[in-house]
Amino acid sequence: MTKTCRECNEDTDEPVPVALEHVASGAGRVVYLCPLCRYALGLVPLDQHPRDSYGFPLYEAHAL
Ligand SMILES: [Zn+2]
């Protein structure tokens, strides 16, 4: 399924869901990034968020 990357606005065949957008009306929208931007920003894919995550963007802890 092709999605538009939120970061670079390019269409990608491999969209990575990284967050839920919370809107006042209720239902959130999924924010997608292309794999390149996902990696560059260090965002954790939505399906790897902790169970208690509310869908806010989560950054990978970089190894020191
Ligand atoms: Zn991108």
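Two residues are taken to be in contact here if their C-beta atoms, placed from the backbone, lie within 7 Å. With that in hand, the tour can begin at Cys5, keeping in mind throughout that this is a predicted model.

**Cys5**

Select Cys5, which sits in the loop between β1 and β2. Once neighbours within four places in sequence are set aside, Cys5 is in contact with Glu10, Thr12, Tyr32, Leu33, Cys34 and Cys37. Is Cys5 buried, exposed or partly exposed? Because 19 other C-beta atoms lie within 10 Å of it, Cys5 is partly exposed, the cut-off for a buried residue being 20 or more. Now add Pro35 to the selection and draw a distance between the two C-alpha atoms: Cys5 and Pro35 are 30 residues apart in sequence, and their separation in space is 9.0 Å.

**The whole chain**

Zoom out and colour the protein chain by secondary structure, where one helix and four strands should appear, arranged along the sequence in the pattern β-β-β-β-α. The C-alpha atoms fill a box of roughly 35 × 30 × 15 Å when taken along the principal axes. Of the 64 residues in the protein chain, 16% are buried. Among contacts with a separation of 6 or more, 40% are between residues 24 or more positions apart.

Next, colour by confidence. The protein chain has an average pLDDT of 90, and 95% of the residues score at least 70. Confidence is highest in strand β2 (residues 11–12), at 98, and lowest in β4, where the mean is 87.

**β3 and β4**

Select β3 (16–23) together with β4 (26–33). These two strands pair in the antiparallel sense over six bridges, and a hairpin of two residues joins β3 to β4. Which residue of β4 is the bridge partner of Val16? That partner is Leu33, a residue worth keeping selected for the next stop.

**The nonpolar core**

Show side chains for Val16, Val18, Ala19, Val31, Tyr32, Leu33, Cys34 and Leu43, the eight residues that form the largest nonpolar core. Both β3 and β4 contribute to this core, each supplying at least two of its residues. As general background, nonpolar side chains in soluble globular proteins tend to be buried together.

Within the core, centre the view on Leu33. Apart from neighbours within four places in sequence, Leu33 is in contact with Cys5, Arg6, Glu7, Val16, Val18, Arg38 and Leu43, a list that leads back to Cys5, where the tour began.

**Asn9**

Return to the loop between β1 (3–4) and β2, and select Asn9. With 9 C-beta neighbours inside 10 Å, Asn9 counts as exposed. The backbone deserves a look here, since the phi of Asn9 is near 60°, a positive value in a residue other than glycine. Most residues other than glycine have a negative phi.

**Tyr59**

Finish at Tyr59, in the segment that follows α1 (35–41). Is Tyr59 buried or exposed? Tyr59 is exposed, because 10 other C-beta atoms lie within 10 Å, and the cut-off for an exposed residue is 12 or fewer. Not counting residues up to four places away in sequence, Tyr59 touches Gly42, Leu43 and Val44; of these, Leu43 also belongs to the nonpolar core described above. As a last distance, select the C-alpha atoms of Tyr59 and Pro45, which are 14 residues apart along the chain and separated by 9.2 Å.

Key:
Residues are numbered from 1 along each chain as its sequence is written. This is a predicted model: local features need pLDDT of at least 70, side-chain atom pairs count only at pLDDT 80 or more; totals for chains, interfaces and linings use all residues. A nonpolar core is a set of buried Ala, Val, Leu, Ile, Met, Phe, Trp, Tyr and Cys residues joined through C-beta atoms within 7 Å. pLDDT is the predictor's confidence in each residue, from 0 to 100. Two strands pair if DSSP finds at least two bridges between them.
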